[in-house]
Each structure stands twice: as structure tokens, then as C-alpha cells.
Amino acid sequence: MSEYFRNIKTGAVTVATGLGITLKHFFNALNRKGDAGVDDVDYFRQVDGLVTLQYPREVIPTPKIGRYRLYNNIEDCIGCGQCERACPVSCITIETIKVAPDDLVVCGKTSDGQQKKFWIPVFDIDVAKCMTCGICTTVCPTECLVRRPKRKEKLRRHSRQLKKTENKRNS
Ligand code: SF4
Ligand code: SF4
């Protein structure tokens, strides 16, 4: 009989412990710091009390400067090849074609008004070889080659997808 009551006691303690942990998470979630900006002192405390994450709208905070994936805003790339030459492991491949004088207008300018003089049919980064040293980003004269958190690309894809779905619905 004593074993019977001991089992009941163990069961009750186990349930109470489990509920205690659940309640702790529940109250922590109520005190979440929300969308603190990167300069906010609470930035890295946003994960406190995290239960679910509405990804990609919500993300676990990452440092402002990190060794993220490389991203080239090709509209601003002038095809100078400095990044390719600076890369210590030769993982950037660029092919350029000089623009004929008549086609300069079509080739366009960078966002800071610099005339582009090369077509760039190939701009490839072998991410399997890239050691994320970031040297290529420091030599880029137009600052179009940057390291950017992957989530930004995902967010953009997500918004594009949402727009497409909305357009389909409205048509
Ligand atoms: S981060 Fe370093 S290794 Fe990667 S492409 Fe740039 S220079 Fe090359
Ligand atoms: S250094 Fe910058 S502008 Fe020059 S080719 Fe590389 S990404 Fe383009």
C-alpha cells in the first residue's frame, strides 16, 4: 500500500515540476523584449522567454557586423575585378565585356552616378571555397559587395511571394 501512495506522490511531483517549467516559460514570454533595435541595450535579450518564432518576420538577434553570406548588388558593380584579385583563395570569378561607346547609356550608371563601362555576364562566388575573410568587401570601390544576413534575402523572397499571391487573388 505504501508503494501505491509513493507512486501517486511521484506522479504529482512530476506533473507539478512539468507545469512549473511551463509556467516559467509562460511568464518569460509575457516579458519578452519584442523588436528591440540593434542599438538597443535589450537587443540580445530578445530571445529571453522565446517560445515560438514568427520567422522570417521575427529572428534570433545577430550582431550588426558579422561574417554573413556575401551579396553583390550587381546594379552597382562596375566590373573592376578588384574583389577577384584580392580574394586569397580565388573563389570569385568575373567575366566582363567592354561596353561599346554607343551602348554606354544602355549600360547605365551606379547609384552614386558612376558610368558603368563593362557588361558583367558572369559574377560567381564559390561559397564552398569562401572562408568569409571579407577582404573582397573592403576593396570594392562602389561598396556593392557586402556581407548580409541571409534572412534579409529570405524576407525579400517572402514579400515577393506574398505580392505574387495577392496579385493572383486580385486578378
Ligand atoms: S570573403 Fe574572402 S574568401 Fe570569400 S570571396 Fe571574399 S575575399 Fe574571397
Ligand atoms: S570590387 Fe566591387 S565593383 Fe569591382 S568587380 Fe568586385 S563587386 Fe564589382
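Which residues make up the largest nonpolar core? In this predicted model, that core consists of seven residues, namely C83, C87, I92, I94, I125, C136 and L145. Buried residues account for 6% of the 171 residues in the chain.

The chain contains five helices and four strands. Read from the N terminus, these elements follow the order α-β-α-β-α-β-α-β-α. Of the contacts in the chain between residues at least 6 apart in sequence, 62% link residues at least 24 apart.

Residues of the core recur in the surroundings of both ligands. Ligand 1 is surrounded by 14 residues, and the closest of them are C87, C130, C133, I135 and C136. C87 and C136 also belong to the largest nonpolar core. By class, the shell around ligand 1 comprises twelve nonpolar residues and two polar ones, with no charged residue.

Around ligand 2 there are 15 residues, of which C77, C80, C83, C140 and L145 come nearest. Two of these names, C83 and L145, appear in the largest nonpolar core as well. The shell around ligand 2 holds ten nonpolar and five polar residues, and charged residues are absent from this shell too.

C83 was examined further for its contacts. When residues up to four places away in sequence are left out, C83 is in contact with I92, C136, V139, C140 and L145. Among these partners, I92, C136 and L145 are members of the largest nonpolar core, while C140 and L145 are among the residues closest to ligand 2. C136, another partner of C83, is one of the residues nearest to ligand 1.

Note on methods
Residues are numbered from 1 along each chain as its sequence is written. Chains are lettered from A and ligands numbered from 1 in the order in which they are written. This is a predicted model: local features need pLDDT of at least 70, side-chain atom pairs count only at pLDDT 80 or more; totals for chains, interfaces and linings use all residues. A residue is near a molecule or strand if its C-beta atom, placed from the backbone, lies within 6 Å of it. Ala, Val, Leu, Ile, Met, Phe, Trp, Tyr, Cys and Pro count as nonpolar, Asp, Glu, Lys and Arg as charged, and the others, Gly among them, as polar. A nonpolar core is a set of buried Ala, Val, Leu, Ile, Met, Phe, Trp, Tyr and Cys residues joined through C-beta atoms within 7 Å. A residue is buried if 20 or more other C-beta atoms lie within 10 Å of its own, exposed if 12 or fewer, and partly exposed in between; C-beta atoms are placed from the backbone. Two residues are in contact if their C-beta atoms, placed from the backbone, lie within 7 Å. Helices (H or I, at least four residues) and strands (E, at least two) are DSSP runs, numbered from the N terminus.
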